[in-house]
Amino acid sequence: MQKLDRKALKQMWAESKDMPLTNEVIRCLMERRSIRDFTDEPVPRALIDVILQTGIHAPSGHNMQTWQFTILRDVGEIQRLKEVTARVAAASKVYFYGFNEPKALILVSNDRRSHFKEVDSACAAENMMLAAHSFGLGSVWINALGPISDEPEIRALLDEYGIPKQHTVIATLAMGWPKEPGRLLAKKQNVIHWVE
Ligand SMILES: Cc1cc2nc3c(=O)[nH]c(=O)nc-3n(C[C@H](O)[C@H](O)[C@H](O)COP(=O)(O)O)c2cc1C
């Protein structure tokens, strides 16, 4: 029935002994890297549809689901947004980097009145980046739109895209087929602290 047999899994892990404790999901989580350079191939809509479903299945505080996911796949439009963002970010002294030539963008916006807007959006964003990675797609979180969402030139574009006025963009996910595999950056191990 394509459902997890939780009893069998519990028993399997309990008896795992020297068996490596890994599976496809763990590998996907460990192997995802931020990817900023993409080939010219477009991202099929069917893949984006599944990726979006993983976004809406993310947890949210009080299950409020106050987010919206806005998708751009037209490379001309993506470039227009990039140019406007670069200009406004520079004028606002907001650091703008890593937005090269993605073939799809998912703007994760959220209601500015929501107490959980950033954390809920981050949960959804990470689900979607992991889902993208599971398909062999690359992605990176671009931050700059957040702090400048209300600058008039940016808001005019967000209006065009149908993003509600009470929303602020929390994450911009740039996606595409990776030009090359991502590089594993050093991950601090000393941030894990057991109390026992
Ligand atoms: C909140 C947040 C904001 C980020 N902003 C940017 C950004 O604006 N531009 C960019 O290229 N990468 C951005 N990143 C990606 C990080 O640089 C990247 O996750 C980090 O260097 C670790 O690399 P990894 O994702 O390959 O493990 C951001 C990531 C997060 C979680």
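In this predicted model, S109 stands opposite V169 in strand β4, and that pairing offers a way into the strands of the chain. The strand β4, made up of residues 167–176, runs antiparallel to strand β2, and eight bridges join the two. The chain as a whole holds seven helices and four strands, and the points below take up the strands, one helix, the surroundings of the ligand and the overall layout in turn.

**Strands around β2**

- Strand β2 covers residues 104–111, and because seven of its eight residues are buried, it is largely enclosed by the rest of the structure.
- Besides its eight bridges to β4, β2 also pairs with strand β1, residues 67–72, in the antiparallel sense, over six bridges.
- Within the pairing of β1 and β2, I71 stands opposite I106 in β2.

**Helix α4**

- Helix α4 runs through residues 75–91, and at 1.5 Å a residue its 17 residues should span 24 Å, which agrees with the 24 Å that separate its end C-alpha atoms.
- The residues of α4 that count as buried are L81, K82, T85, V88 and A89; seen down the axis of the helix, the buried residues of α4 fall within an arc of 145°, so they line one face of the helix.
- These buried residues of α4 pack against strand β1 and against two further helices, α6 (145–148) and α7 (152–160).
- On the face of α4 turned away from its buried side, the exposed residues are G76, E83, A90 and A91.
- After α4 comes K93, a residue whose phi is positive, near 55°.

**Surroundings of the ligand**

- The residues that surround the ligand are R33, S34, R36, Y97, G98, V140, W141, I142, N143, A144, G182 and L185.
- Sorted by class, this shell around the ligand consists of six nonpolar residues, four polar residues and two charged residues.

**The chain as a whole**

- Followed along the sequence, the helices and strands of the chain come in the pattern α-α-α-β-α-β-α-β-α-α-β.
- Taken along the principal axes, the C-alpha atoms of the chain fill a box of roughly 60 × 40 × 40 Å.
- The chain has 196 residues, of which 28% count as buried.
- Among the contacts in the chain with a separation of 6 or more, 86% are accounted for by residues 24 or more positions apart.

Terms used:
Residues numbered from 1 in each chain as written. Predicted model: local features only at pLDDT ≥ 70, side-chain atom pairs only at ≥ 80, totals over all residues. Buried ≥ 20, exposed ≤ 12 C-beta atoms within 10 Å, placed from the backbone. Pairing = 2+ DSSP bridges. Near = placed C-beta within 6 Å. Nonpolar A, V, L, I, M, F, W, Y, C, P; charged D, E, K, R; others polar. Expected span 1.5 Å × (residues − 1). Arc of directions from axis to C-beta. Contact = placed C-beta atoms within 7 Å.
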